[in-house]
Amino acid sequence: GQYPNVPTSTVAEFAPTGKKITAKFETMTGFTADQEASTVEGGVSAEKALILKLYYSRNQYTFTALVDYDTHYTADLYYGAEIQMNEAPEKVGHDFAGWVDADGNQVTASDTMPAKDLTVTAQYEINQYTVTLMDGDEEVETITADFGSEVTLPTLTKAGYEFAGWEELEEGKTSVTVPVGGMTVTAKWTPRNLLYVIRSYVMGVDGQYPNVPTSTVAEFAPTG
């Protein structure tokens, strides 16, 4: 924000003694003519060289960084100054993927401030995690999905048992929201009542067992 001691550019011209000279400001992107600090008029004299000085003040523009549409920080930066990029906040279940401007262009700390206000938005990539389905000590299936997404779990089958849901879920719930790091769920089973038969064979007076059972009893009992 300071003017240099040595002029940025110098133009030397000739004009007759006594002529009044008025210097004209050029249009410069990112700069404004500083009329107060400048010497824009003077007369040519044989006694002393006429030196006119034009000062151009460097404009400041507002830099704004947004995170999820909220202002993370702002700064007033001079045109051409390196952009000050503060560290973006962490976001659960996501990885930071940089800053982009309104046109989707990547903006980094090596970029410089343009001749206008600049707003950048933090970009995050959603992480994926795995839901592991277990039956006892046996892994049945894995489902990989985005953090925070809803995953519907399958209904398993097993001979002699009715599937009764998942240990880690509330009764009747069939889906999970994928957490950071993923999760493991274990199948619950209810034994089915299966038929069993008791056949009795009473030996006849001939000392032989009959081919047809003397009596039969049929009952139901749970598996195992």
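Two exercises on a predicted model follow, each with a worked solution.

**Exercise 1. The sheet and its edges**

Task: Determine the strand order of the open sheet, find which strands stand at its edges, and describe how E5 and E6 are joined.

Solution:
1. The open sheet has five strands, and reading across it gives the order E6-E5-E9-E7-E8. The pairing is mixed.
2. The edge positions belong to E6 and to strand E8 (106-107). Each has a single partner strand, so one side of each has no neighbour in the sheet.
3. E5 and E6 run antiparallel, and eight bridges join them.
4. For a position to inspect, take Thr 64, which stands opposite Thr 74 in E6.

**Exercise 2. The loop between E5 and E6**

Task: Locate Asp 68 and Tyr 69, state the phi of each, and classify each as buried, partly exposed or exposed.

Solution:
1. Asp 68 is in the loop that lies between strand E5 (60-67) and strand E6 (70-78). Tyr 69 is also in the loop between E5 and E6.
2. The phi of Asp 68 is near 55 degrees, which is positive in a residue other than glycine. For Tyr 69, not a glycine either, phi is positive at about 70 degrees.
3. The class "exposed" requires a relative accessible area over 50%, "buried" one under 20%, and "partly exposed" covers the range in between.
4. Asp 68 has a relative accessible area of 40%, so this residue is partly exposed. Tyr 69 is at 78% relative accessibility and therefore counts as exposed.

Conventions:
Residues are numbered from 1 along each chain as its sequence is written. This is a predicted model: local features need pLDDT of at least 70, side-chain atom pairs count only at pLDDT 80 or more; totals for chains, interfaces and linings use all residues. Side-chain values use heavy atoms; hydrogens and water are left out. Helices (H or I, at least four residues) and strands (E, at least two) are DSSP runs, numbered from the N terminus. Buried means under 20% relative accessible area, exposed over 50%, partly exposed in between (1.4 Å probe, protein chains only). Two strands pair if DSSP finds at least two bridges between them.
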